[in-house]
Amino acid sequence: DGAEYVLTRQRNVRSRESLERRKDCIWPEDLNGDGLILQMRVPDPNGAWIAPEDEPRLTVPRLPGDTAGQRYRLTTEGLIHDWDGGPWEEPAGTRLDFNRNWPSGWLTRADQAGAGAYPFSEPEVRALADFVLGHPNTFGVFGLHNGTNAILRPPTSGPDSGILAADLLEFRRLAALGSDITGFPPKAIHEYRNHLAEPIHLHGTFTEWGYRHCGLFAMEIEFGNLYNGAGYTTEQNFSLTPDGERQRDRDWLAWHDAHPEARAFAGWQPFEHPQLGPVELGGILPVGLYNVVPEQRLDIWDKTRRFLFELARRGPRLQIDAVTAEPLGDGLHRVSCRVTNEGYLPTNVTALGAGLSHIDGVCVEIERQGRIEFVANRNRVELGHLAPAQSRRLDWVLKASGDASIAIAAHGPRAGRCQAHVSLAC
């Protein structure tokens with residue numbers, strides 16, 4: 001619903017919000033009937049935003065020493081609910097960020113905006129968790145985002161030492177693989193930077209839950225945005241000074257002028273606000289600014305597909321071979337086989353996963369057709385987890401009468417299932 005709201009109304013919402021008609025607060029509303037809820041520039045001599053004289057379409061934070069340009073208060077298009085004519089506030093209510101509502105490292109709303117009332121408080125997040133946990137064959141989970149280009153891996157806060165050494169090495173390998181295919185820089189999420197070029201520390205995220213609670217390789221792919229389309233690399237975006245950010249804004253606005261089909265900006269239109277008087281409606285269109293620019297989408301999506309396919313090929317995979325059935329006389333047979341993990345990853349996927357009680361190892365079972373008795377070994381053998389290329393040899397002594405056969409099945413929740421059929425005819 002949040003995505004649909006942004007696409008149709010062009011108002012920026014992180015995941016979902018529940019607004020309240022609180023006294024003296026803006027209530028978002030389409031005032032001019034264009035079907036959109038945009039930004040509203042309210043002239044204010046003490047406003048924290050200015051429109052530079054050389055590019056009055058831009059609205060940028062006022063810096064110390066700024067004296068030229070029109071000053072504004074920048075807010076959401078709408079009316080002030082139950083206004084008494086005094087000070088007024090921004091829209092009030094609960095703003096939710098589904099990528100802060102997971103239990104791993106969760107912080108309260110007072111410490112992290114959008115976190116929700118408690119972990120899994122949002123039904124959308126619970127539904128995704130139920131899906132992942134209800135599909136034990138899953139060995140990786142990936143979030144697709146539209147931030148500045150990057151292949152991101154845990155941890156989301158704190159140093160890399162918070163990840164088990166074996167898993168950290170594999171995370172780095174997978175991120176490097178993604179970088180080779182997409183051209184995006186590989187980064188730990190804690191190395192990602194915000195617009196102030198400061199490290200970010202995120203809590204209650206999908207990737208942390210996927211790794212720490214489920215033992216999965218959990219990563220994120222940031223597709224990019226108009227800044228990248230206008231020629232700014234990820235590292236350039238992270239290293240901009242406030243003056244550099246203003247130049248970047250000029251550059252993306254110039255890119256928009258040359259590519260209006262991207263719909264990244266709505267020209268400011270004067271409007272007589274029934275409460276505030278003359279204002280302007282327009283500004284940034286989030287769908288255009290925060291998404292990959294149109295001419296780059298097919299290429300980026302194709303590279304992302306290739307990366308995900310390569311990841312999918314790297315799962316654990318069981319194989320049964322070296323199957324023999326040696327007659328011993330009197331209806332006895334010695335049956336042997338070898339079970340191998342032929343996949344790239346261990347059957348526990350991550351080193352952390354090996355210690356999680358809900359992640360089962362490999363099991364080998366014999367299904368019987370005809371009259372068969374077990375003389376040595378059992379019809380179900382627990383092998384535990386197998387590393388890549390690791391094999392286990394198994395032997396049984398069976399007594400068969402008449403035409404009989406068995407099917408040896410090896411299976412693990414994250415490694416698949418395979419079978420071998422053996423005839424025990426006497």
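Here is a short conversation about reading a sheet and some salt bridges in a predicted model.

Colleague: Let's start with the sheet. In what order do the 4 strands lie?

Modeller: The order is 9-12-10-11, in an open sheet with mixed pairing. Strand 9 (140-145) and strand 11 (186-188) are the edges, each pairing on one side only. From one strand to the next, the twist averages 25°.

Colleague: How many bridges join strand 9 to strand 12?

Modeller: There are 6, and the two strands run parallel. To find your place there, look for G143, which stands opposite E220 in strand 12.

Colleague: Now the charged residues. Why can side chains of opposite charge pair?

Modeller: They can do so when their charged atoms come close. In this model the count comes to 31 salt bridges. Take E90 and R73, whose closest N and O atoms are 3.3 Å apart. E90 sits in the loop between strand 7 (78-81) and strand 8 (92-96) while R73 belongs to strand 6, so the pair ties together parts 17 residues apart in sequence.

Colleague: And which residue forms a salt bridge with E367?

Modeller: That is R417, with 3.2 Å between the closest N and O atoms. E367 is in strand 17 and R417 in strand 20, so this pair ties together parts 50 residues apart in sequence. E367 is partly exposed, at 38% relative accessibility.

Colleague: What about E382 and R380?

Modeller: They form a salt bridge too, their closest N and O atoms being 2.9 Å apart. E382 is partly exposed at 49% relative accessibility, and R380 is partly exposed at 38%.

Colleague: Which residues are linked in a network of salt bridges?

Modeller: Look for K23, D24, D82 and D84, which are linked in this way.

Notes: Residues numbered from 1 in each chain as written. Predicted model: local features only at pLDDT ≥ 70, side-chain atom pairs only at ≥ 80, totals over all residues. Heavy atoms only, no water. Pairing = 2+ DSSP bridges. Axes fitted to C-alpha atoms, helices over the stretch in contact; angles between N-to-C directions. Salt bridge = Lys/Arg side-chain N within 4 Å of Asp/Glu carboxyl O. Buried < 20%, exposed > 50% of the residue type's maximum accessible area, 1.4 Å probe, protein only.
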